[in-house]
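Here's a quick tour of a model, starting from its middle and working outward. Have the viewer open and follow along.

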Amino acid sequence: DYMKSKEFSLKIEKLAKEKRCSLMDAILEFCKENDLDPGTVGSLVSKSLKEKIKADAIQLKLLKNSSSASQGKLPI
């Protein structure tokens with residue numbers, strides 16, 4: 001493995017803070033800097049980092065907060 005999940009998560013969070021960008025952007029930037037395919041780092045994303053990415057996406061209005069919407073049902 002290139003690195004452990006915890007180490008990867010710490011690097012991504014540090015990069016996001018340094019660059020003042022979202023965690024998703026930090027992952028893409030990390031991949032670019034290290035010549036990695038973003039599709040190959042999914043297994044390195046820890047559960048806590050996934051939750052933080054989800055929170056980022058909700059805050060940026062890229063993802064709806066699933067707790068406020070009923071999933072899989074049409075509003076009729």
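## The core

Let's start inside this predicted model. Its largest nonpolar core has 14 residues, and the ones with the most contacts inside it are Phe8, Ile12, Ile27 and Leu49. Each of α1, α2 and α3 supplies at least two residues of this core. The top contributor is α2, which gives five residues.

Ile27 is worth clicking on. Skip its neighbours within four places in sequence, and Ile27 is still in contact with Phe8, Ile12, Val41, Val45 and Ile53. Two of those partners, Phe8 and Ile12, also sit on the list of residues with the most contacts inside the core.

## One aromatic pair

How many aromatic pairs turn up in a search of the whole structure? Just one. Phe8 and Phe30 make an edge-to-face pair, with 5.5 Å from centre to centre and 85° between the planes. That label follows because planes over 60 degrees apart count as edge-to-face.

The pair ties together distant parts of the chain: Phe8 belongs to helix α1 (residues 5-19) and Phe30 to helix α2 (residues 23-33), 22 residues apart. Are these two rings' residues buried or exposed? Phe8 and Phe30 are both buried.

## Where α2 meets α3

Now swing over to α2 and helix α3 (residues 47-59). Their axes come within 8 Å and cross at roughly 120°, so α2 and α3 are oblique to each other. Sorted by class, the contact of α2 with α3 has five nonpolar residues, two charged ones and no polar ones.

Which residues do the meeting? From α2 come Leu23, Met24 and Ile27, and from α3 come Leu49, Lys52, Ile53 and Asp56. The charged residues here are Lys52 and Asp56, because Lys and Asp count as charged. Ile27 and Leu49 are familiar names by now, both being listed among the residues with the most contacts inside the core.

## The whole chain

Zooming out, what does the protein chain have by way of helices and strands? It has three helices and zero strands. Read from the N terminus on, the elements go α-α-α.

Two whole-chain numbers round things off. Of the 76 residues in the protein chain, 25% are buried. And if you take contacts between residues at least 6 apart in sequence, 47% of them join residues at least 24 apart.

Conventions: Residues are numbered from 1 along each chain as its sequence is written. This is a predicted model: local features need pLDDT of at least 70, side-chain atom pairs count only at pLDDT 80 or more; totals for chains, interfaces and linings use all residues. Side-chain values use heavy atoms; hydrogens and water are left out. Rings of Phe, Tyr and Trp (its six-membered ring) pair if their centres lie within 6.5 Å; planes under 30 degrees apart count as stacked, over 60 as edge-to-face and the rest as tilted. Helices (H or I, at least four residues) and strands (E, at least two) are DSSP runs, numbered from the N terminus. Buried means under 20% relative accessible area, exposed over 50%, partly exposed in between (1.4 Å probe, protein chains only). Axes are lines fitted to C-alpha atoms, for helices over the stretch in contact, and angles run from 0 to 180 degrees between N-to-C directions. Angles under 35 degrees count as roughly parallel, over 145 as roughly antiparallel, 65 to 115 as roughly perpendicular and the rest as oblique. Contact means heavy atoms within 4.5 Å. A nonpolar core is a set of buried Ala, Val, Leu, Ile, Met, Phe, Trp, Tyr and Cys residues joined through side-chain atoms within 4.5 Å.
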